[in-house]
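Okay, thanks everyone. I'll put the structure up now and talk you through a few spots.

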Amino acid sequence: MAGRVAYNGGMTIDLPASHLQAAPAEDAEGARPLLEVRHLSKRFPIRRGFFNRTVGHVHAVSDVSFSVYAGETVGLVGESGCGKSTLGRCILQLIPASAGQVLLDGVDLTTLKGKALKRMRRDMQIVFQNPYSSLNPRMTVGEILAEPFIIHGMARREIFMKKEITRLLDLVGLPMDAMHRYPHEFSGGQRQRVGIARALALNPKLIIADEPVSALDVSIQAQILNLLQDLKRELGLTLLFIAHNLSVVQHISDRVMVMYLGKVAELGPADAIYRRPYHPYTEALLQAVPVADPVEARRRHGERTLLQGDPPNPANPPSGCRFHTRCQYAVDACAQQDPPPYGVSPVHYATCLRADELALRGV
């Protein structure tokens, strides 16, 4: 027998009966998540031939469920091609989901169209990965920051717009005269600050940061991460922070969700996952993080869990656990059974058949 468990401060998941004994009661505060993603899937058709017939599908996102509470940052991590960015774009309704629901403050975005969806877009914004291509080179920074107000009919007077643009520039640490300059006059880090300011313009409830530092130098990455941390404290931002490097999200995230080939491998509090991962994929990602201490680096190199082979084709994912083809702990059952969520704690779970048996060591 299986059951559904509501986790305090976390998400609601289905657990097998063997895991229900460790489940707590309903959230005492009864807080509703700001964002709820329920069984979300996205498939892209593969078309070939003269008649452009569909011959298969790429399973980019497969049955993903999680929640984000107001004021928290959830880090979404995984290799390139695991479906992170596709998931973010489905949440924002930039691309339609194949199945599932996306609830923002209780409103199902997948059912909205036209003006109703446009109204909801004020409450959700995105910071794109590449600051060089996400800003219109023919517009000044002032025009870029004014655009959200114009689109949503909020550009009342010129003096109001100048005041708002100045406020946004100050928030992200850019001088007031930046509003008269063009994107090509700024460095990559400064352009990303402009992108963040644009996302903040309408005071959104949710911001999805899609690998916002991956195109920047390491020193600039730290500045942008510190800026997001400061903005989170000052404005109470709610962030879904997408990255392919676990070290990037370590200090900015309250919870971390690890994805592999379109599915959630592990989700839990950041400190718990970094201290003791319960999924082999999470363990491998952590051991791949560079370490400055040479003694610690040698220790990790001796214990390093190398990923075997290449990621499978998402158009033809493996049966059972999708990670079993690259997992050193895999047994025959892993190829036959899709692993249910194993509840490590009330706020931490991993989708691994051997999570409890292996008790994977922390890194």
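Before I start on the lysine I want to show you, one term: a salt bridge here means a side-chain nitrogen of Lys or Arg within 4 Å of a carboxyl oxygen of Asp or Glu. And keep in mind that this is a predicted model.

So, lysine 42. You'll find lysine 42 in strand 3, which covers residues 35-48. Lysine 42 is buried, and yet has no salt bridge. How far away is the nearest side chain of opposite charge? That's aspartate 108, and it sits 15 Å away. What the lysine 42 side chain does reach is the backbone oxygen of proline 96, at 2.7 Å. Not counting neighbours within four places in sequence, lysine 42 also has contacts that include Val58, His59, Ala60, Val61, Thr86 and Cys90.

Okay, on to the cores. The largest nonpolar core has 61 residues, and the ones touching the most other members are Ile196, Phe241, Leu246, Val249 and Val256. Helix 4, residues 158-171, gives the most to this core, with six residues. There's also a second, separate core of 33 residues, with Leu34, Leu35, Phe66 and Cys90 among them.

Back to phenylalanine 241 for a second. Again leaving out neighbours within four places in sequence, phenylalanine 241 is in contact with Thr73, Val74, Gly75 and Leu76, and also with Ala209, Pro212, Leu225, Leu228, Val248, Val249 and Ile252.

Last thing, confidence. The protein averages a pLDDT of 85, and 85% of the residues score at least 70. Over residues 1-28, though, the pLDDT is below 50, and that stretch has 60 contacts in the model beyond near neighbours in sequence.

Technical notes:
Residues numbered from 1 in each chain as written. Predicted model: local features only at pLDDT ≥ 70, side-chain atom pairs only at ≥ 80, totals over all residues. Heavy atoms only, no water. pLDDT = per-residue confidence, 0-100. Contact = heavy atoms within 4.5 Å. Core = buried A, V, L, I, M, F, W, Y, C linked by side-chain atoms within 4.5 Å. Buried < 20%, exposed > 50% of the residue type's maximum accessible area, 1.4 Å probe, protein only. Helix = DSSP H or I, 4+ residues; strand = E, 2+ residues; numbered from the N terminus. Lys, Arg positive; Asp, Glu negative; His and termini not counted. Polar contact = N/O pair within 3.5 Å; in protein donor to acceptor, adjacent residues only side chain to side chain.
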